[in-house]
Amino acid sequence: MNNSFLTIAMPKGRIFEEAAELLRGAGFRLPPEFDDSRKLILDVEEENLRFILAKPMDVVTYVEHGVADIGIAGKDVMLEEERDVYELLDLKISACYLAVAGLPGTKISDIAPKIASKYPNVASSYFREQGEQVEIIKLNGSIELAPLIGLAERIVDIVSTGQTLKENGLVEYAKIADVTSRLVANPVSYRLKEARITEIVDRLAEIIG
Ligand code: PRP
């Protein structure tokens, strides 16, 4: 069995639990402290694996720079940032979608309506395709606040259960893209450690079905 040492970038937060469950399901022996430790680097010596815990938006950065060989990243991040990484497998976890939302019953202005988003590139290419000139306002979170307080007329954001929109009295105007987590690889790592990475892809693909 090919057992070259591998570093995997994992997303901290919401996606982490599902990602860890998937890895365990595929037979990886992850230590129990994995779930509630504040450590950012966790070695699993018997598997010859090192896990690094990064912000979901940053996973592809670690992988692109080659300090992680592979990683688990959301399709939303891949759409937002064209990174030089290989997308190897749709892990089919953390399913959600990118959508345009706003206050109900409102039309957007004819001239440069403001659109708030954590995904400025996704938002600007969506509105460009619609033939609408917009002004994008980049926010880092709590995007739903923007139309409520008059910062923007629309938002482009992730919808998962729809609860955040509902509780803030917002409605969806358009769906932009489905999002799930993907297994991504650094192109050089993939070439040098192809057998090991392929074995991991196969193990995961088998349980995803
Ligand atoms: C995400 C997203 C929405 C919310 C959607 O935010 O940006 O705000 O989850 O989930 P829902 O449809 O199940 O309500 P997150 O909680 O990750 O935090 P953020 O606002 O800081 O981005």
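Me: Which residue in the turn of the E2–E3 hairpin has a positive phi?

Reply: This is a predicted model, in which local features need pLDDT of at least 70, side-chain atom pairs count only at pLDDT 80 or more, and totals for chains, interfaces and linings use all residues. Residues are numbered from 1 along each chain as its sequence is written, and side-chain values use heavy atoms, leaving out hydrogens and water. Strands E2 and E3 (strands are DSSP runs of E, at least two residues, numbered from the N terminus) form a hairpin with four residues between them. The turn residue with a positive phi, about 60 degrees, is Asn48.

Me: What is the bridge partner of Ile41 in E3?

Reply: Pairing here requires that DSSP finds at least two bridges between two strands. Strand E2 (residues 41–44) runs antiparallel to E3, with four bridges joining them. In E3, Ile41 is partnered by Ile52.

Me: Which residue in E3 stands opposite Ile8?

Reply: E3 also pairs with strand E1 (residues 6–11), in the parallel sense and over six bridges. The E3 residue opposite Ile8 is Phe51.

Me: How many residues of strand E3 are buried?

Reply: Buried means under 20% relative accessible area, with a 1.4 Å probe and protein chains only. Strand E3 covers residues 49–54, six residues in total, and is mostly covered. The number of buried residues in E3 is five.

Me: What is the strand order in the open sheet of five strands?

Reply: Pairing in this sheet is mixed, and neighbouring strands are turned by 25 degrees against each other on average, direction ignored (the axes are lines fitted to C-alpha atoms). The edge strands, E8 (135–138) and E10 (171–179), each pair on one side only. From end to end, the order is E8-E7-E9-E6-E10.

Me: What is the bridge partner of Ser117 in E8?

Reply: Strand E7 (residues 114–117) and E8 run parallel, joined by four bridges. In E8, Ser117 has as its bridge partner Lys138.

Me: Why does Ala101 count as buried?

Reply: Ala101 is found in strand E6 (residues 96–102). Leaving aside residues up to four places away in sequence, Ala101 touches several others (contact means heavy atoms within 4.5 Å), among them Ile155, Leu165 and Tyr173. Ala101 counts as buried because its relative accessibility is 3%.

Me: How far apart in space are Ala101 and Lys175?

Reply: In sequence, Ala101 and Lys175 are 74 residues apart. In space, their C-alpha to C-alpha distance is 9.0 Å.

Note on methods: Axes are lines fitted to C-alpha atoms, for helices over the stretch in contact, and angles run from 0 to 180 degrees between N-to-C directions. Buried means under 20% relative accessible area, exposed over 50%, partly exposed in between (1.4 Å probe, protein chains only).
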